[in-house]
Amino acid sequence: MAKLCLGYSVFSIFCLAGSVFGISDTLYMEITTETDDVKFSDSNDCKVSVYLNDDIAGKVYLDNPGVDDFKLGATDVFSKLKASVPLQEIEKITFLVEGGGDAWRLKRFSIQFFQGDKKTDLISFPANISFSKEKSDRACKQKAVFSVRPPQKQLLMLK
Ligand SMILES: [Ca+2]
Ligand SMILES: [Ca+2]
């Protein structure tokens with residue numbers, strides 16, 4: 001009996017922790033970037049992160065460990081990124097670039113959200129933005145921040 005109670009208690013605590021901290025319903029994002037294929041579009045030292053609405057503290061870095069991301073003309077997929085804002089409250093998606101002596105040119109990106117066994121549609125955005133906080137390696141205007149708004153709330157529905 002004592003063993004059964006102990007088992008039950010541990011299970012309860014786990015369930016409680018799950019509901020309090022939202023372990024079971026963590027919202028994840030998958031972001032796919034297309035680096036432009038025109039000269040100098042690739043980057044070796046831009047530190048790229050993405051955040052939702054104005055929650056800069058909740059930013060997640062786009063970096064696949066051991067992979068040379070943002071090569072010329074490359075498509076990079078960044079998975080299991082934690083979303084810091086509930087799905088229905090997302091109004092803005094912002095790319096932030098820190099550093100960047102070697103600018104990065106983003107042609108397009110897409111984003112999809114996952115929660116449990118459900119997911120949203122894939123939403124795709126044109127960008128055509130060159131990023132660099134420090135200096136340019138292209139004769140065009142550099143930005144360090146780029147924001148888009150999801151076009152329709154229906155696209156942010158889990159299915
Ligand atoms: Ca570059
Ligand atoms: Ca990397």
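**Fold and nonpolar core of the predicted model**

From the N terminus on, the elements of the protein chain follow the order α-β-β-β-β-β-β-β-β-β, that is, one helix and nine strands. The model is a predicted one. Of the 159 residues of the protein chain, 22% count as buried. Contacts across the sequence deserve a look here too: among those with a separation of 6 or more, 72% join residues 24 or more positions apart.

A good place to start exploring the interior is the largest nonpolar core, which has 23 residues. Cys 46, Val 48, Val 97, Trp 104 and Phe 131 are the residues with the most contacts inside this core. Two or more residues each come from β1 (27-35), β2 (47-52), β4 (75-82), β5 (93-98) and β6 (104-115). With five residues, β6 gives the most to the core.

Trp 104 is worth following in the structure. Leaving aside residues up to four places away in sequence, Trp 104 touches Thr 35, Ser 43, Cys 46, Val 48, Phe 70, Val 97 and Phe 131. Four of the names in that list, Cys 46, Val 48, Val 97 and Phe 131, also appear with Trp 104 among the residues with the most contacts inside the core.

The neighbouring position in the numbering, Ala 103, lies in the loop between β5 and β6. Ala 103 counts as buried because 24 other C-beta atoms lie within 10 Å, where 20 or more are needed. Ala 103 and Phe 40 are 63 residues apart in sequence, yet their C-alpha atoms are 7.4 Å apart in space.

Conventions
Residues numbered from 1 in each chain as written. Chains lettered and ligands numbered in written order. Predicted model: local features only at pLDDT ≥ 70, side-chain atom pairs only at ≥ 80, totals over all residues. Core = buried A, V, L, I, M, F, W, Y, C linked by C-beta atoms within 7 Å. Buried ≥ 20, exposed ≤ 12 C-beta atoms within 10 Å, placed from the backbone. Helix = DSSP H or I, 4+ residues; strand = E, 2+ residues; numbered from the N terminus. Contact = placed C-beta atoms within 7 Å.
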